[in-house]
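Q: I should like to learn how salt bridges and burial are read from a set of atomic coordinates. Please take me through the features one at a time.

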Amino acid sequence: MVFELKNIYKDYLQGKEAVPVLKNISLAVEDGEYVAIMGPSGSGKSTLMNIIGCLDKQTKGSFVFDGADIMSCSDKQLSSIRNDKIGFVFQNFNLLPRQTALDNVELPLLYAGVSKRQRREKAKEALRRVGLEDRMNFKPTQLSGGQKQRVAIARAIVNKPKLLLADEPTGALDTRSGEQVMELFKELNDDGVTVVMITHEPEIARCAKRVMYIRDGELHSGEFAAGSRANAVAKEETAPAAEKVQEEAAVTKDIPAEEKPRTGPKTMTDIHRDLDDILNRKLPELKFSDGSDIERKGDKI
Amino acid sequence: MLENIRLSFQGIFSHKIRSFLTMLGIIIGIAAIIAIVSTIEGTNEQIKNNLIGSGNNTVKITLSNGDYEADFTWETVPDNIRVISEESKKRIEDIKEVDSCTLYRTRSNPDNLFYLNRKIDSAVIYGIDEDYFDTLGYDIAEGINFTDRHYKNFAKVAIIDSTLERGIFEGENPIGKQIDISGEPFTIIGVAAKRSGFEPVINSVDDYYTYNQTSSGLIFIPTVDWGICFRYDEPQNCIARAVDTDSMTNAGKKTADILNENILTPEKDTEGVSSALEYKSESLLEQAKALQDLSSSTNSMLIWIASISLLVGGIGVMNIMLVSVTERTREIGLKKALGARKKRILAQFLTEAAVLTSIGGIIGVVSGIGLSKVIANIAEVPVAISTPAIAVSVVFSMVVGIVFGLIPSIKAANLNPIDALRYE
Ligand SMILES: Nc1ncnc2c1ncn2[C@@H]1O[C@H](COP(=O)(O)OP(=O)(O)O)[C@@H](O)[C@H]1O
Ligand SMILES: [Mg+2]
């Protein structure tokens, strides 16, 4: 067991009023799992990730991470849990701009009190692991988006954490770099790293072994039956149109859905609406095709 | 720590203009303080040199009546003071702080000095022993010194100093000329001049006025002749040369103790009050101190004013650090997410503030030294760069950084990592 959330609630104070963002969330993640948490923007994904990442505390409920009750941990203890057991990957990389890739990757080791020589060694190893051995002394500004995210992943795994926690890791990347990152996640997971990834892109979520859905602060497990509408949706956009969908998503995601004709290839908004429809109707036993299925169909994701 | 210092330099150099402007308050404050302190030190050094004379650490131990030097022009000679024996003099010379000593009698402006029937005004006459010239750093510039024969035979010979030579003889050779002291003819056999490296004879603040400004010169005669011109049993005074300037006070006190053994039971006057005649050493060091304090106290006001500039500089540092914390909210959030503890974030920002102000302090010290040199040239005020002041300035500017960096650093350390990561 890596962590277990039990009946978690999280409220934010809006003025004097408490606005519930997470409602009664329970989730247990075992060692070696690869979990994707999906949901539309504003549904509370990042809030949930902050709690799982020990960056924030729940309002109510119990959260046990690797045997430690997080609610009763001190600031110092939380720091050392984050440093030791969790590797963060963010949508916008969050690299220190003036430091080299190597320095960035060394950072968690510095906080862990590792000696200079060992830091160098381990950081180099982590960078080699993500295929950036020839970019070690580059600064983030000299790297492409995909390379930056790989540096961030190297930083996340350099301490050999129990959990790799990623919030929209492909959100700022082009399709190709996104695929590379997913490839890397899969390899890391195959090597035994537990991965929890937050995304709103179904084709990214499909890389995971387990997909959860969050909507309006509630978590639903994604057990859908084959042949359902959701499956159709999934098939439709995993077909050759997949890349187009992503490109369109970038253009259209800020435009309210109502203003767009519901013709042509599906956009992200359409997919979300479809998902919402499914969830609202609470169709029982829907099932996504699993990863191997997609690969057999020749999909590149 | 080293990592923090490296990061600080990186941060400071990546915002060169901003960092410089932030430091400016500190630079100006420290530069002003260094310049003021240098001026104070320079003035003090000058006072000390003028009063004591560099390389001429002589202390005068005179017979005093209360706070005043006894003057036997009018006073009767007390009968309870023994002539100081050779043995006492030996003991004085054996004091470890004393290099050499001399016994002498003196009279200022006696009215019985004549040269060619012209009265010599405002000269000072000394009856001296063999050690006088050596102890006070005189050389015989012309003619010869007193010899043993002169002392044994009560020879009526005199040596004058170069001031009197210039004043009375106006370019003529004084050797062989005669002056009248109390109607007795004395033959001038030499001219004494202060050794180079010895400051002018200024043995006390009084001398400073009486001799330097009004005296027409000095006349020396063998001490054995004193009785011929004045009274033979007049008490002697002593000048001791200390081994160094700092030993002057001790040398004077110990010498006075030995001399006071020659004063028998205190003399009672008609009212039965003992006249407090005793040998006192004149502490030039203390006199110099008093003068120095006077000049320092006026200047230390200036230091307070300069400190205000440091305060303003400190507030500037605080302001910029607050801006810097806000700007780097994301960085701080990230570091906390990666496991950096509060203490580390606090240390990082404190180090940055301290490094910033220390650099400011160092630049300030350098500018201050430059400024002192400029002041020395323009205002012709002596300046002395003081090493402790430099060290204190740099440390102080570092402290300013830590004090004024504290609030921004605490703010940084207490940032909530989520808010910090969310910050745009
Ligand atoms: N610090 C906060 N204060 C108030 N409301 C917040 C705060 N953080 C998030 N929220 C609200 O919580 C909801 C969920 O946000 P978030 O978890 O960021 O969503 P997601 O990551 O799924 O897009 C949003 O409605 C957001 O406005
Ligand atoms: Mg989010």
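The dialogue below treats salt bridges first and then a contact between chains.

A: Please bear in mind throughout that this is a predicted model.

Q: How many salt bridges does a search of the whole structure find over all chains?

A: A salt bridge is assigned when a side-chain nitrogen of Lys or Arg lies within 4 Å of a carboxyl oxygen of Asp or Glu. Over all chains, the search yields 32 salt bridges. One of the pairs is K45(A) with E168(A), at 3.9 Å from N to O.

Q: Where in chain A do K45(A) and E168(A) lie?

A: This pair links distant parts of the chain, the two residues being 123 residues apart. K45(A) belongs to helix α1 (residues 45–52), whereas E168(A) is in the loop between β7 (163–167) and α6 (175–190).

Q: Does K45(A) count as buried or exposed, and what of E168(A)?

A: The term buried applies under 20% relative accessible area. K45(A) is buried because its relative accessibility is 5%. E168(A), with 9%, is likewise buried.

Q: Which side chain meets D131(B) in a salt bridge?

A: The partner is K89(B), and the N to O distance is 2.4 Å. Here too the pair links distant parts of the chain: D131(B) is in the loop between β6 (123–128) and α4 (132–136) of chain B, and K89(B) is in helix α3 (residues 86–94), 42 residues apart. D131(B) is partly exposed, at 25% relative accessible area, while K89(B) is buried, at 5%.

Q: What are the accessibilities of R231(B) and E234(B)?

A: R231(B) has 29% relative accessibility and therefore counts as partly exposed. E234(B) has a relative accessible area of 2% and is therefore buried. These two residues form a salt bridge in which the closest N and O atoms are 3.5 Å apart.

Q: Which residues are linked in a network of salt bridges?

A: Such a network links D103(A), E106(A), K116(A), R119(A) and R120(A).

Q: Turning to polar contacts, with which side chain does the side chain of N94(A) make one?

A: The side chain of N94(A) makes a polar contact with that of R330(B), at 3.1 Å. N94(A) is located in the loop between β6 (86–89) and α3 (101–111) of chain A, and is buried because its relative accessible area is 8%.

Q: Leaving aside neighbours within four places in sequence, which residues are in contact with N94(A)?

A: With those neighbours set aside, N94(A) is in contact with R155(A), R330(B), L334(B) and L421(B).

Key
Residues numbered from 1 in each chain as written. Chains lettered and ligands numbered in written order. Predicted model: local features only at pLDDT ≥ 70, side-chain atom pairs only at ≥ 80, totals over all residues. Heavy atoms only, no water. Helix = DSSP H or I, 4+ residues; strand = E, 2+ residues; numbered from the N terminus. Buried < 20%, exposed > 50% of the residue type's maximum accessible area, 1.4 Å probe, protein only. Polar contact = N/O pair within 3.5 Å; in protein donor to acceptor, adjacent residues only side chain to side chain. Contact = heavy atoms within 4.5 Å.
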